[in-house]
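Here are a few exercises to work through with the model open on your screen. Try each one before reading its solution.

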Number of protein chains: 2
Amino acid sequence: MKTITEFIASGGITSPRGFSAGAVSAGIKNSGSPRLDLAILFSEVACNTAAVFTRNRVQAAPIIVTRQRLREGKATAVIVNSGCANACTGEAGVKHATDMTEIAARHTGLSPEAVLVASTGVIGDCLPMNRIRDAVSGISLSVDGGHDFAMAIMTTDTVPKEAAVTVSGAGFSIGGTAKGSGMIHPDMATLLCFLTTDAAVDTAFLNKVLKQAVDVSFNMVSVDGDTSTNDMSLIMANGQGGGEMITEESINAAAFREALQQLCIRLAREIARDGEGATKLIEVTVKGARDLGDARQVARTIVCSPLVKTAVHGNDPNWGRVITAAGYSGVELDAGKLELEIGGVRLVKNGFPVSFKHADVVRKLEASEISIVLDLNLGNAEAVAWGCDMSEEYVTINSEYTT
Amino acid sequence: MKTITEFIASGGITSPRGFSAGAVSAGIKNSGSPRLDLAILFSEVACNTAAVFTRNRVQAAPIIVTRQRLREGKATAVIVNSGCANACTGEAGVKHATDMTEIAARHTGLSPEAVLVASTGVIGDCLPMNRIRDAVSGISLSVDGGHDFAMAIMTTDTVPKEAAVTVSGAGFSIGGTAKGSGMIHPDMATLLCFLTTDAAVDTAFLNKVLKQAVDVSFNMVSVDGDTSTNDMSLIMANGQGGGEMITEESINAAAFREALQQLCIRLAREIARDGEGATKLIEVTVKGARDLGDARQVARTIVCSPLVKTAVHGNDPNWGRVITAAGYSGVELDAGKLELEIGGVRLVKNGFPVSFKHADVVRKLEASEISIVLDLNLGNAEAVAWGCDMSEEYVTINSEYTT
């Protein structure tokens, strides 16, 4: 049967059947007015669960604990806090992360082994465990609680990122929420992403498709290996949609993979758009690369270049910065073959500038979404990366983060 | 005989004997009031000459021409312009770069083969050859002209960078000038460095020690492989000091190497301090690494981190960002062994925070030079990298570069 993937209006992590969520203000976020900062995601049955973790050599305590808990590939709930990363906190931090799973387990009637934990916020501070212990009783789980959950994981994010898709003809849906805002240099932003599905999915397949989806989405607003101490993307499949178990060989395998990628790309774009101080979304497409690795590398290098980001911010058609970034990406390229379009206007052909109307490109750069397309003309591989412009406000935000 | 390296007050590229220089405003820089933008460095005799070029895959026309000219390791003069990089300009650009050497040759009575060429500025524009041809006659070469030369190679630099050392007991001196300002992300700044010496130096040895000196200086404010289309460091040795030819085996080999490194480090620090929008010099020392490559990699990653740079700008002792940058540097490290000092105050021991007076560190961060020392406690290798803080002004400068 033909399947159709559609986004659900106002969908999120509790859109798939059998999931509920809730959040509370525990006073972990060090802000004037109380903000939601402690949240639980809950499934009515145990879920096959897959995760992708940060590759940073310094791993936060919740990463250590969640990794251990996931050895069997099963989880029923997740407790998350923002405001404190519980990173660089030694043995005490691991105990606190473990305690968080126990606190959530007591509140939800689960065993601590069924609960995962994630944190995001300032590095080096210890979690205020008493406040968390006191506050958790205020968390009321409901199918309407997905939005509060999305709000509670935000740090410098200005808007929550939520989405859900339903796959008609296959009978399942997938929901998700993500946070991550210091994305102007994505390499150090904490990215958290929680995904849910009411499909029944084999754990091995779930791990595989999650990794693939993260590679074409969050890893394209981020730089491989350059991740924060706390990054985590996870997906819980509770099978409450009633369909058959999806494995690599299932008829619905491709539909699931495709729907998950669409969802993750949607969330990744929202993260890029909401980069700290960002005013524009930049989408960089690199075509004509020798292989996918090259295409990804060049696209990410361009989207991460502060000189490209500042040029876009200033509506400056400074295409030389794009070419320069491609040149230093480490990928072998032929300068004489490069073709570049910004906002659909061709600026470079065969490696050097063609005549174009400066004012036309300036106008294109004034839009809220900027497309940069670079054709290397060396092969057939293509990749897309997302980022945002760099504004004075980015510096202001990051100069004042802890003080 | 014991040698002593001393900096010469107000020294520069014309401090060594037999060198002269001069500059003129040719109207290449697109600024309101006329600024020096075309310069010649001249030696009264042919020089053994060594150079290090950008590793960017896209190489500007002057790089192509100078590389060809240097095949014999000899040069007598250099012509340089700022305001236009002559990059991404195809065959026409190579012709223009060649023409520049001919224009300088005619003006100085040399053959074009004896003249090198360098450019820095906006990518993609063609050089205004008529203006250059007209203006060159206004360049008057003198031993006092080093400062004008240093001024003429500046782009967004706010101050010229010049220095010279004399090595007493060895009878030679070395002078130099450098430019490079977009150094908050050094990977895309154009770095030009011109060095002169009145020592007689064997070309093979000159190449070797120049590469070593660049590795511990300019490459530590820059990121290997992440260089602009136009980067070039070169050294000309004219032997006018009268000493014997210095080779690898010479008694003065070590003194020459050491003096050159000191000079290059001085210029590199000045470049870091004058980064676009910079208000502070950051010096990152990484100790206790397994090998030099690891030490260099971690030091550079920290000094390049925009979150470290913005924290320093805001006087924010956000040591978590330093640890995170070390963690994503790609170097294997043991988080539990890290020790960190900022401004001489220890903040982290055995991988987690020690108690410190926040106000003390804030005060240290208010200084104009900030020292960050990270001990990996894994070995004995050490490296130093330099950078600057990141201010709102950096974004402003780079949003408005060409428009």
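**Exercise 1.** Work out how strand 10 (residues 281-289) of chain A is joined to strand 15 of chain A.

*Solution.* Start with the direction: the two strands run antiparallel, and 7 bridges join them. Strands here are DSSP runs (E, at least two residues; helices are H or I, at least four), numbered from the N terminus. Two strands pair if DSSP finds at least two bridges between them. Now pick one bridge: Leu281(A) has Cys388(A) in strand 15 as its partner. Finally, check the cover: 6 of the 8 residues of strand 15 of chain A are buried. Buried takes 20 or more other C-beta atoms within 10 Å of the residue's own, exposed 12 or fewer, and partly exposed lies in between, with C-beta atoms placed from the backbone.

A word on the source: this is a predicted model, where local features need pLDDT of at least 70, side-chain atom pairs count only at pLDDT 80 or more, and totals for chains, interfaces and linings use all residues. Residues are numbered from 1 along each chain as its sequence is written, while chains are lettered from A and ligands numbered from 1 in the order in which they are written.

**Exercise 2.** Place these strands in their sheet: what is the strand order, and which are the edge strands?

*Solution.* The sheet is open, has 6 strands with mixed pairing, and reads 13-12-11-14-10-15 in chain A. Strand 13 (352-353) and strand 15 (381-388) of chain A are the edges, each pairing on one side only. Further in, strand 11 (residues 339-342) and strand 14 (residues 369-375) of chain A run antiparallel, joined by 4 bridges. One of the residues to look up is Glu339(A), whose bridge partner in strand 14 is Asp375(A). Then add helix 9 (residues 319-327) of chain A, which packs on the sheet and touches strands 11, 12 (345-349) and 14. Contact means C-beta atoms, placed from the backbone, within 7 Å. The direction of helix 9 makes about 130° with that of strand 11 of chain A. Axes are lines fitted to C-alpha atoms, for helices over the stretch in contact, and angles run from 0 to 180 degrees between N-to-C directions.

**Exercise 3.** Hop to chain B: is Gly330(B) buried or partly exposed?

*Solution.* First find Gly330(B) in the loop between helix 9 (319-327) and strand 11 (339-342) of chain B. Then count: 15 other C-beta atoms lie within 10 Å, so Gly330(B) is partly exposed.

Key. Two residues are in contact if their C-beta atoms, placed from the backbone, lie within 7 Å.
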